[in-house]
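Visitor: I'd like to learn how to read a model like this one. Could you walk me through it, feature by feature?

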Number of protein chains: 2
Amino acid sequence: MRIFIIGTGNVATHLSAALLKARHNIEGVCGRNFSHTEELAKKLNVKPFNSISSIPADADVYMISVSDDSIADVVTQMPDVEGIVAHTAGSVPMSGLARFNRHGVFYPLQSFSKTRTIDMSSVPLCIEGSDSETTDALLALARSLSNDVRPMTTIQRAHLHLAAVFASNFVNSMYAEAENILKESNIPFDIMRELIAETAAKAADMGPTAAQTGPARRGDTRVMSHQMGLMPDRELQKLYSFVSERIQGRYKTTDK
Amino acid sequence: MRIFIIGTGNVATHLSAALLKARHNIEGVCGRNFSHTEELAKKLNVKPFNSISSIPADADVYMISVSDDSIADVVTQMPDVEGIVAHTAGSVPMSGLARFNRHGVFYPLQSFSKTRTIDMSSVPLCIEGSDSETTDALLALARSLSNDVRPMTTIQRAHLHLAAVFASNFVNSMYAEAENILKESNIPFDIMRELIAETAAKAADMGPTAAQTGPARRGDTRVMSHQMGLMPDRELQKLYSFVSERIQGRYKTTDK
């Protein structure tokens with residue numbers, strides 16, 4: 001397929017590399033930032049564009065991979081095209097692209113960074129299309145990149161994106177709290193590596209309900225009150241109590 | 001070394017298997033629950049004991065791997081021994097074993113389950129001893145099991161255990177929140193597998209401060225208020241706001 005990339009961020013970079021690897025034709029890259037656009041275009045060996053209104057109108061798929069807030073601007077400025085226009089955002093409804101006859105969503109569920117390699121073949125690609133022909137075309141495109149392709153409605157994707165905030169962004173915030181606590185005792189964060197990996201693997205294998213352990217799960221009030229005393233930060237104490245209560249509440253109803 | 005195991009739970013099971021593998025002599029196992037004790041003793045091919053007062057007094061090390069609350073009871077009931085008495089608990093001070101001349105702590109930082117294999121050679125073993133000779137003996141024992149052995153004081157271990165509650169128990173609780181959110185849209189939790197693994201790997205490699213992403217990190221109030229509307233549970237909304245504020249607070253001071 002002939003694909004045109006709009007955006008030069010983490011998702012655009014990883015996605016375009018995967019498309020190229022799957023032997024699709026990338027027609028060009030368009031971005032606001034001139035040097036980022038040049039850089040990505042060079043990497044893909046395609047033409048860089050800096051004005052959205054001047055991009056070619058003959059691609060099969062236009063992939064909009066820009067920040068959520070900028071999607072509406074891109075939509076307004078794009079020329080009329082007959083190809084499929086898709087965005088890659090978790091929390092933007094498909095209807096934001098309704099200006100185009102054929103439109104859809106191509107949402108990769110992963111945390112991309114420019115400095116880290118991601119194997120796209122195992123990234124869940126969540127697909128929605130304005131009509132069954134468009135959906136099928138986007139599903140086929142997705143299947144050329146990944147072994148985990150799932151059709152998904154806008155509301156499902158919104159729930160998925162919210163779940164990802166908990167399972168990724170908030171999880172990372174818990175790691176950051178741990179790092180700060182360790183600093184109190186001059187313990188390097190790297191001591192957490194194996195525990196973090198096992199906790200992640202265990203939840204994925206057993207499901208988080210079965211995998212839950214710790215003082216709150218056991219209702220070990222002695223350890224919990226001892227740990228409360230170790231936190232000089234009152235807000236951190238509040239977080240500790242709040243999450244502990246969530247855990248206790250979750251098992252109260254299922255335990256005898 | 002001749003080692004006697006007190007306890008039959010997850011830590012006792014994994015630790016005794018690793019000790020055996022490292023060619024130490026296990027002298028016996030003692031536990032409250034007769035069938036658990038029989039089972040572990042059989043697995044290790046050693047003698048089971050059900051009364052702590054009758055265990056042999058000639059082992060080099062007594063490893064107490066029971067629940068935190070039961071350690072004091074075990075200490076009271078144990079015969080006078082000349083060997084080292086150590087416990088494996090994160091949040092119990094070493095001083096709880098002061099009845100014994102030579103005592104210490106042997107705390108493995110990992111989440112053990114009976115059904116999962118753990119490679120003990122990469123588990124951080126955190127060691128404290130009542131005197132330098134005891135510390136050295138426990139360090140040597142630990143080094144025969146793991147490549148990551150760290151001397152650690154009682155207060156450091158308390159901080160480490162608290163950090164582990166955040167990085168493991170609370171992280172798992174965030175996974176559970178994600179699982180519940182996904183249920184709203186009938187999305188199976190397994191979709192999270194790659195994201196969870198990458199989030200863990202990224203934090204371990206880059207440190208959680210650099211690895212933080214998401215709406216709260218970007219200050220994306222549009223997405224945040226949209227996501228608030230997706231949560232029917234008011235308590236979940238509170239958790240979302242609270243963790244988002246922690247993230248925003250963390251970057252306010254470091255950003256321009």
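Visitor: Let's start with the sheet of chain B. In what order do its strands come?

Guide: Generally, strands of a sheet pair through backbone hydrogen bonds, either parallel or antiparallel. In this predicted model, chain B has an open sheet of eight strands, ordered β3-β2-β1-β4-β5-β6-β7-β8, with mixed pairing. The edges are taken by β3 (48-49) and β8 (149-151) of chain B; each has a single partner strand, so one side of each lacks a neighbour in the sheet.

Visitor: Which helices of chain B pack on that sheet, and against which strands?

Guide: Helix α2 (residues 34-44) of chain B touches β2 (25-30) and β3 of chain B, and its direction makes about 170° with that of β2(B). Helix α4 (residues 132-143) of chain B lies across β4 (61-64), β5, β6, β7 (125-129) and β8 of chain B, at about 160° to β7(B).

Visitor: And inside the sheet, how many bridges join β5 (residues 84-87) to β6 (residues 103-108) of chain B?

Guide: Three, and the two strands run parallel. To find your place in β6(B), look for B:G104, which stands opposite B:A86.

Visitor: Over to chain A. Are the residues on the two faces of β5 (residues 84-87) buried or exposed?

Guide: In a regular strand the side chains alternate between the two faces of the sheet. For β5(A), one side carries A:I84 and A:A86, the other A:V85 and A:H87, and all of them are buried. This strand pairs with β4 (residues 61-64) of chain A in the parallel sense, over four bridges; there, A:Y62 has A:V85 as its bridge partner.

Visitor: What about β1 (residues 2-6) of chain A: how many of its residues are buried?

Guide: Four of its five, which makes β1(A) mostly covered. Its parallel pairing with β2 (residues 25-30) of chain A runs over five bridges, and A:R2 is partnered with A:N25.

Visitor: Now the interface. How many residues of each chain are in contact?

Guide: 75 residues of chain B contact 76 of chain A. On the chain B side, α5(B) gives the largest share, 26 residues. By class, that side has 40 nonpolar, 20 polar and 15 charged residues.

Visitor: How do α5 (residues 154-184) of chain A and α10(B) cross?

Guide: Two packed helices are described by the angle between their axes and the distance between the axes. Here the axes of α5(A) and α10(B) come within 10 Å and cross at roughly 60°, so the two helices are oblique to each other. Their crossing is left-handed. At the contact, A:F170, A:S173 and A:A176 meet B:V243, B:R246, B:I247 and B:R250: four nonpolar, one polar and two charged residues.

Conventions: Residues are numbered from 1 along each chain as its sequence is written. Chains are lettered from A and ligands numbered from 1 in the order in which they are written. This is a predicted model: local features need pLDDT of at least 70, side-chain atom pairs count only at pLDDT 80 or more; totals for chains, interfaces and linings use all residues. Two residues are in contact if their C-beta atoms, placed from the backbone, lie within 7 Å. Ala, Val, Leu, Ile, Met, Phe, Trp, Tyr, Cys and Pro count as nonpolar, Asp, Glu, Lys and Arg as charged, and the others, Gly among them, as polar. Axes are lines fitted to C-alpha atoms, for helices over the stretch in contact, and angles run from 0 to 180 degrees between N-to-C directions. Angles under 35 degrees count as roughly parallel, over 145 as roughly antiparallel, 65 to 115 as roughly perpendicular and the rest as oblique. A crossing is left-handed if the near helix is turned anticlockwise from the far one by less than a right angle, and right-handed if clockwise. A residue is buried if 20 or more other C-beta atoms lie within 10 Å of its own, exposed if 12 or fewer, and partly exposed in between; C-beta atoms are placed from the backbone. Two strands pair if DSSP finds at least two bridges between them.
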